[in-house]
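Trainee: I would like to learn how to read a model like this one. Please take me through the features one at a time.

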Amino acid sequence: MTRSTMADPHPPAACFNPSAVAIDDEVAIALLADMHVRKAIERGEFDDLPGSGKPLDLPDRHDPDWWLKNLVVREKIVLLPATIQLRKEDAALDERLDQLWSEADVRHEIEEFNKRVLRGRYQPPTGPPLVTMPRDVEATVGAWAERRAARAAEARAEARAEAPEEGRPRRRLLRRRQ
């Protein structure tokens with residue numbers, strides 16, 4: 001088959017009739033404005049304008065994400081890459097564990113942290129590389145127990161220092177017998 005016998009979906013430009021395309025007034029104005037701006041750019045009329053290359057100082061009402069930025073400020077949300085967030089959690093984990101009372105809660109918290117670390121290792125990195133390692137549950141629980149015992153001993157020592165000395169005689173209230 002030759003090209004002349006096939007139905008060509010794109011006729012040659014000589015067959016194009018511009019008046020056959022329906023364009024509404026708004027599209028025509030936008031196309032005309034765009035054409036004038038392009039010609040002005042080609043002539044160099046926008047070169048060396050004051051403030052060229054500097055960001056615009058617009059008020060918040062012109063920002064399409066104003067509500068999101070206000071939410072982040074109001075709720076004090078920190079948006080960090082997962083790798084950085086895990087580093088911060090690792091640094092604060094011992095302090096968070098010290099606020100827990102039972103060994104079961106401590107183990108659960110460590111296991112949840114380890115799950116987040118392993119999940120982060122299997123995801124493609126969205127920021128810096130993940131250097132945080134999962135915690136050894138037994139070693140971390142042992143360190144928690146030692147810190148807890150040290151705090152208890154310190155509290156007992158403070159209580160002894162504040163208590164009255166044993167050597168001083170105590171006053172006794174005597175009741176009169178009738």
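Trainee: How much area does the chain expose, and what share of it do carbon and sulfur atoms supply?

Mentor: Accessible areas come from the Shrake-Rupley method with a 1.4 Å probe, and for residues only the protein chains shown count as cover. The chain exposes about 16,200 Å², with 57% supplied by carbon and sulfur atoms. This is a predicted model, in which local features need pLDDT of at least 70, side-chain atom pairs count only at pLDDT 80 or more, and totals for chains, interfaces and linings use all residues. Residues are numbered from 1 along each chain as its sequence is written, and side-chain values use heavy atoms, leaving out hydrogens and water.

Trainee: In which helix is confidence lowest, and in which is it highest?

Mentor: pLDDT is the predictor's confidence in each residue, from 0 to 100. Helices (H or I, at least four residues) and strands (E, at least two) are DSSP runs numbered from the N terminus. Confidence is lowest in helix H2 (residues 66-75), at a mean of 86, and highest in H4, at 94. For the chain, the mean is 83, and 79% of residues reach 70 or more.

Trainee: How many helices and strands does the chain have?

Mentor: The chain has five helices and zero strands.

Trainee: Which residues make up the largest nonpolar core?

Mentor: A nonpolar core is a set of buried Ala, Val, Leu, Ile, Met, Phe, Trp, Tyr and Cys residues joined through side-chain atoms within 4.5 Å. Buried means under 20% relative accessible area, exposed over 50%, and partly exposed in between (1.4 Å probe, protein chains only). The largest core here has eleven residues: Leu-86, Leu-93, Leu-97, Val-106, Ile-110, Phe-113, Val-117, Leu-130, Val-137, Val-141 and Trp-144. Helices H3 (82-97), H4 (103-122) and H5 (137-162) each supply at least two of them, and the largest share, four residues, comes from H4.

Trainee: What does Leu-86 touch?

Mentor: Contact means heavy atoms within 4.5 Å. Not counting residues up to four places away in sequence, Leu-86 touches Phe-113, Arg-116, Val-117, Leu-130 and Thr-132.

Trainee: Is Glu-89 buried or exposed?

Mentor: Glu-89, found in helix H3, counts as buried because its relative accessibility is 15%. Leaving aside neighbours within four places in sequence, Glu-89 is in contact with Phe-113 and Arg-116.

Trainee: Where is Leu-49 found?

Mentor: Leu-49 is found in the loop between helix H1 (25-43) and H2. With a relative accessible area of 43%, Leu-49 is partly exposed.
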